[in-house]
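This briefing is meant for someone meeting the structure for the first time. Please keep the sequence and the three-dimensional view at hand while reading.

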Amino acid sequence: MAHDTKRHVLLQALEVIGDPECLARKLGASRIQLESWLSGFTEFPDKFFLRAVDILLEDGIPSATEDEQTRVRKH
């Protein structure tokens, strides 16, 4: 998987959680590791990537707005 894709997922997880310290805890990593991954200094390991994906699946997928729901129903 591309390094940029993994980093993008990590950035999205950070946006969802809103706090780097909290995200590091949820990932089971240290704040220093998280900062290193976010900066692109070190590669984001797969096991942490999968945890970040879980965060997005559980907390980060916004529900469709009413307009989107209506448009989907009409098609």
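The notes below go from the overall picture to the helix pairs, and then to single residues.

The structure shown is a predicted model, and the protein in it has 5 helices and 0 strands. Read from the N terminus on, its elements follow the order α-α-α-α-α. Two helix crossings, H1 with H2 and H2 with H4, are described below, followed by helix H3 and two residues, Arg 7 and Ser 36.

**Overall picture**

- Of the 75 residues that make up the protein, 27% count as buried.
- The accessible surface of the protein comes to about 5300 Å², and 52% of this surface belongs to carbon and sulfur atoms.
- When contacts between residues at least 6 apart in sequence are considered, 60% of them join residues that are at least 24 apart.

**Helix H1 against helix H2**

- Helix H1 spans residues 3–17, and helix H2 spans residues 20–27.
- H1 and H2 pack at an angle of about 115°, their axes lie 9 Å apart, and their crossing is right-handed.
- On the H1 side the meeting residues are Leu 10, Ala 13, Leu 14 and Ile 17, while H2 brings Pro 20, Cys 22, Leu 23, Lys 26 and Leu 27 to the contact.
- Sorted by class, the residues of this contact between H1 and H2 comprise 8 nonpolar, no polar and 1 charged.

**Helix H2 against helix H4**

- Helix H4 covers residues 46–60, and H2 packs with H4 at an angle of about 110°, with 9 Å between their axes.
- Angles of 65 to 115 degrees count as roughly perpendicular, and H2 and H4 are therefore roughly perpendicular to each other.
- The crossing of H2 and H4 is right-handed.
- From H2, the residues Leu 23, Lys 26 and Leu 27 meet Phe 48, Arg 51, Ala 52, Ile 55 and Asp 59 of H4, and by class this contact holds 5 nonpolar, no polar and 3 charged residues.
- Leu 23, Lys 26 and Leu 27 of H2 take part in the contact with H4, and these residues of H2 also belong to its contact with H1.

**Helix H3 and the residue that follows**

- Helix H3 runs over residues 31–39, and in H3 the residues Leu 34, Ser 36, Trp 37 and Leu 38 are buried.
- The buried residues of H3 pack against H1, H2 and H4.
- Just after H3 comes Gly 40, which takes a positive phi of about 85°.

**Two residues in more detail**

- Ser 36 lies in helix H3 and has a relative accessible area of 14%, so with buried meaning under 20%, Ser 36 is buried.
- If residues up to four places away in sequence are not counted, Ser 36 touches Phe 41 and Thr 42.
- Arg 7 lies in helix H1, and with a relative accessible area of 30% Arg 7 is partly exposed, because that term covers values between the 20% and 50% cut-offs.
- Leaving aside neighbours within four places in sequence, Arg 7 is in contact with Trp 37, Leu 38, Ser 39 and Gly 40; among these, Trp 37 and Leu 38 are buried residues of H3.
- Arg 7 and Glu 43 are 36 residues apart in sequence, whereas their C-alpha atoms are 8.5 Å apart in space.

How values were computed:
Residues are numbered from 1 along each chain as its sequence is written. This is a predicted model: local features need pLDDT of at least 70, side-chain atom pairs count only at pLDDT 80 or more; totals for chains, interfaces and linings use all residues. Side-chain values use heavy atoms; hydrogens and water are left out. Helices (H or I, at least four residues) and strands (E, at least two) are DSSP runs, numbered from the N terminus. Buried means under 20% relative accessible area, exposed over 50%, partly exposed in between (1.4 Å probe, protein chains only). Contact means heavy atoms within 4.5 Å. Accessible areas come from the Shrake-Rupley method with a 1.4 Å probe; for residues, only the protein chains shown count as cover. Axes are lines fitted to C-alpha atoms, for helices over the stretch in contact, and angles run from 0 to 180 degrees between N-to-C directions. Angles under 35 degrees count as roughly parallel, over 145 as roughly antiparallel, 65 to 115 as roughly perpendicular and the rest as oblique. A crossing is left-handed if the near helix is turned anticlockwise from the far one by less than a right angle, and right-handed if clockwise. Ala, Val, Leu, Ile, Met, Phe, Trp, Tyr, Cys and Pro count as nonpolar, Asp, Glu, Lys and Arg as charged, and the others, Gly among them, as polar.
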